[in-house]
Amino acid sequence: MTGTLSYRPEEIGGRQREKSLDTRTTQAIGRPISRFTVARRLHGGGLFALRPVRCVPLTPAHRRRRSLWCREHQNWRDNERGRVLFTDESRFSLSSDSHRILIWRERGSRNHPSNIIEMDRYGGRGVLVWGGIMLGSRTDLHIFDAGSVNGTRYCNEILLPYVRLFRGAMGLQFLLMDDNALCHRTVAAEQLLESEDIERMDWPARSPDLNPIEHVWDFLDRRLAARTLPPVTIRELRLALQDEWAAMPQQLIDTLILSMGRRCETCLAVRGDHIPY
């Protein structure tokens with residue numbers, strides 16, 4: 001079986017507490033049951049309390065486009081992947097993670113459809129960052145000032161100071177990977193790329209799991225959480241992110257980029273659906 005029991009740990013700060021799994025079990029059978037007893041029984045049945053996978057929603061059209069892209073790129077050689085600058089934006093929040101949902105599921109069932117939460121946005125006070133990675137190198141981490149990122153800001157803060165620099169160093173073989181965010185696809189951005197002779201990689205919509213930089217964001221998130229004194233102010237968060245980005249092993253980045261072939265194969269195997277990356 002695949003476990004789909006979910007619960008939310010007790011919230012802090014005086015907020016109303018949601019019924020825990022042991023409370024609901026006690027009510028269901030009519031006698032007190034401790035959460036430790038419940039956990040032992042679930043463990044004995046092969047279920048463990050783990051975080052669900054969070055993925056963007058996919059339509060049939062998205063799945064078809066993802067499959068087509070993977071068929072076109074699954075046999076790329078390492079030197080072909082090595083010419084790509086994989087880029088992305090990500091938001092890092094100061095919000096406590098104490099409200100996260102856990103689900104009881106079997107090991108190895110992480111990407112079962114019943115264990116996936118599809119969502120588009122994540123809340124919380126924090127900062128928006130941009131970064132780029134490629135075999136043997138990376139850009140500096142750019143942290144945006146407050147405000148939305150439009151096409152003009154994308155050109156002035158990202159394409160001109162970072163992407164153009166890498167294009168100049170690599171020459172015509174350089175290939176930019178950015179997703180289909182609105183600020184990336186403005187007329188101004190398109191004209192700038194054309195004027196700088198920067199080729200953009202075709203990219204399927206709603207495919208963060210195909211982008212190796214997503215694991216870099218996860219690495220940074222875990223490094224922040226593991227700090228003895230996690231950041232509690234925006235300034236501390238900015239400094240911590242820059243420190244962790246600079247300290248990230250290049251070998252990790254290279255390994256993630258070289259996993260692209262396996263990502264494509266896995267995506268094709270599930271007909272364009274979410275993959276466990």
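The exercises below, each with a worked solution, concern a predicted model of a protein chain.

**Exercise 1. The chain as a whole**

Find how many helices and strands the protein chain has, and what share of its residues count as buried.

Solution. Begin with the secondary structure, which comes to 10 helices and 11 strands. Turn next to burial: of the 277 residues of the protein chain, 40% count as buried. The accessible surface comes to about 15400 Å², and 50% of this surface belongs to carbon and sulfur atoms. Finally, consider the contacts with a separation of 6 or more, of which 78% are accounted for by residues 24 or more positions apart.

**Exercise 2. Helix α8**

Check whether the span of helix α8 agrees with its number of residues, and then work out where its buried residues lie around the axis.

Solution. Helix α8 takes in residues 234–247, which are 14 residues, and at 1.5 Å a residue the expected span is 20 Å. The C-alpha atoms at its ends are 20 Å apart, so the two values agree. Next, list the buried residues of α8, which are Leu237, Ala240, Leu241, Glu244 and Trp245. These residues cover an arc of only 130° around the axis, and therefore they lie on the same side of α8. The general background is that an α-helix has 3.6 residues a turn, so residues three or four places apart point the same way. On the face turned away from the buried side, α8 carries the exposed residues Arg235, Ala246 and Ala247. As a last step, look at what covers the buried residues of α8, which includes the strands β4 (84–93), β7 (126–134) and β8 (137–138), together with the helix α7 (213–225).

**Exercise 3. Cysteines**

Determine how many disulfides the structure has, and explain why Cys264 and Cys70 are not bonded to each other.

Solution. A search of the whole structure finds zero disulfides. Cys155 is accordingly in no disulfide, and the cysteine sulfur nearest to its own, that of Cys183, is 9.2 Å away. For Cys264, the closest cysteine sulfur is in Cys70 at 4.0 Å, which is too far for a bond, because a disulfide needs the two sulfur atoms within 2.5 Å. Both Cys155, at 7% relative accessibility, and Cys264, at 1%, count as buried.

**Exercise 4. His274**

Locate His274 relative to α10, decide whether His274 is buried or exposed, and find which backbone oxygen its side chain reaches.

Solution. His274 lies in the segment that follows α10 (260–269). With a relative accessible area of 10%, His274 is buried, because buried means under 20%. Its side chain reaches the backbone oxygen of Val56 at 3.4 Å.

Terms used:
Residues numbered from 1 in each chain as written. Predicted model: local features only at pLDDT ≥ 70, side-chain atom pairs only at ≥ 80, totals over all residues. Heavy atoms only, no water. Helix = DSSP H or I, 4+ residues; strand = E, 2+ residues; numbered from the N terminus. Buried < 20%, exposed > 50% of the residue type's maximum accessible area, 1.4 Å probe, protein only. Polar contact = N/O pair within 3.5 Å; in protein donor to acceptor, adjacent residues only side chain to side chain. Expected span 1.5 Å × (residues − 1). Arc of directions from axis to C-beta. Contact = heavy atoms within 4.5 Å. Areas by Shrake-Rupley, 256 points an atom, 1.4 Å probe, with all protein chains shown as cover.
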